[in-house]
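Work through the exercises below with the sequence and the model side by side. Try each task before reading its solution.

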Amino acid sequence: MAQVKDPVCGMMIDSDKAAAKSSYQEQTYYFCAESCKRTFDANPGKYAQAGAAAPAAAGTGKAPSPGMGGKGPGAGKRSGMGPSKPKM
Ligand SMILES: [Zn+2]
């Protein structure tokens, strides 16, 4: 039902109609043809990495904002907030 990408030729295919599929590192990859599966099986690391690159890159896009300063040199002073700093 789901649209998946054949990692070898880059074609979008329906996982139900895939001619072949292969499991690699707990992921299932679908192929438009047996020949694509054979190409993948010959060098799974190359194609599996290419396919996984997109979701991984999307995850790293959410970097912590540099303005928070949680680890900055002044972070230790924050615990002193309260009695030592009257708000008047
Ligand atoms: Zn293919």
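**Exercise 1. Confidence**

Find where in the protein chain confidence is lowest and where it is highest.

*Solution.* This is a predicted model, so start with pLDDT, the predictor's confidence in each residue.
- Step 1: compare the elements. Confidence is lowest in α2, with a mean of 62. It is highest in α1, at 97.
- Step 2: look at residues 51–60. Their pLDDT is below 50. In the model this stretch has three contacts beyond near neighbours in sequence.
- Step 3: take the whole protein chain. The average pLDDT is 78. At least 70 is reached by 57% of the residues.

**Exercise 2. Order of elements**

State how many helices and strands the protein chain has, and give their order from the N terminus.

*Solution.*
- Step 1: count. There are two helices and four strands.
- Step 2: read from the N terminus on. The order is β-β-β-β-α-α.
- Step 3: add the chain totals. Of 88 residues, 14% count as buried. Among contacts with a separation of 6 or more, 27% join residues 24 or more positions apart.

**Exercise 3. The two sides of α1**

Which residues of helix α1 are buried, and how are they placed around the axis?

*Solution.*
- Step 1: list the buried residues of α1 (residues 34–42). They are C36, K37 and F40.
- Step 2: check their directions. They lie on the same side of α1, because they cover an arc of only 100° around the axis.
- Step 3: recall the helix geometry. An α-helix has 3.6 residues a turn, so residues three or four places apart point the same way.
- Step 4: turn to the opposite face. The face away from the buried side carries the exposed residues E34 and A42.

**Exercise 4. The nonpolar core**

Identify the residues of the largest nonpolar core and the elements that supply them.

*Solution.*
- Step 1: collect the members. The core has eight residues: V8, Y29, Y30, F31, C32, C36, F40 and Y47.
- Step 2: assign them. β4 and α1 are the elements that give two or more residues to this core. The largest share, three residues, comes from β4.
- Step 3: follow one member. Beyond four places in sequence, V8 contacts F31, C36, T39, F40 and Y47.
- Step 4: set this against the general pattern. In soluble globular proteins, nonpolar side chains tend to be buried together.

**Exercise 5. A48 and its contacts**

Is A48 buried, partly exposed or exposed, and which residues does A48 touch?

*Solution.*
- Step 1: place A48. This residue belongs to helix α2 (residues 44–60).
- Step 2: use the neighbour count. A48 has 17 C-beta neighbours inside 10 Å, so it counts as partly exposed. Buried would require 20 or more.
- Step 3: list the contacts. Leaving out residues up to four places away in sequence, A48 touches P7, Y24, Q25, Q27 and Y29.
- Step 4: take the pair with Y29. A48 and Y29 are 19 residues apart in sequence. Their C-alpha atoms are 8.1 Å apart.

**Exercise 6. Phi in the β3–β4 loop**

What sign does phi have at Q25 and at E26?

*Solution.*
- Step 1: locate them. Q25 lies in the loop between β3 (20–24) and β4 (27–31). E26 is found in the loop between β3 and β4 too.
- Step 2: read phi. Q25 has a positive phi of about 50°. E26 has a positive phi of about 65°. Q25 is not a glycine, and E26 is not a glycine either.
- Step 3: recall the norm. Most residues other than glycine have a negative phi.
- Step 4: check exposure. Q25 counts as exposed because it has 10 C-beta neighbours inside 10 Å. E26 has 5, so it counts as exposed.

Methods:
Residues numbered from 1 in each chain as written. Predicted model: local features only at pLDDT ≥ 70, side-chain atom pairs only at ≥ 80, totals over all residues. Buried ≥ 20, exposed ≤ 12 C-beta atoms within 10 Å, placed from the backbone. Arc of directions from axis to C-beta. Contact = placed C-beta atoms within 7 Å. Core = buried A, V, L, I, M, F, W, Y, C linked by C-beta atoms within 7 Å. pLDDT = per-residue confidence, 0-100.
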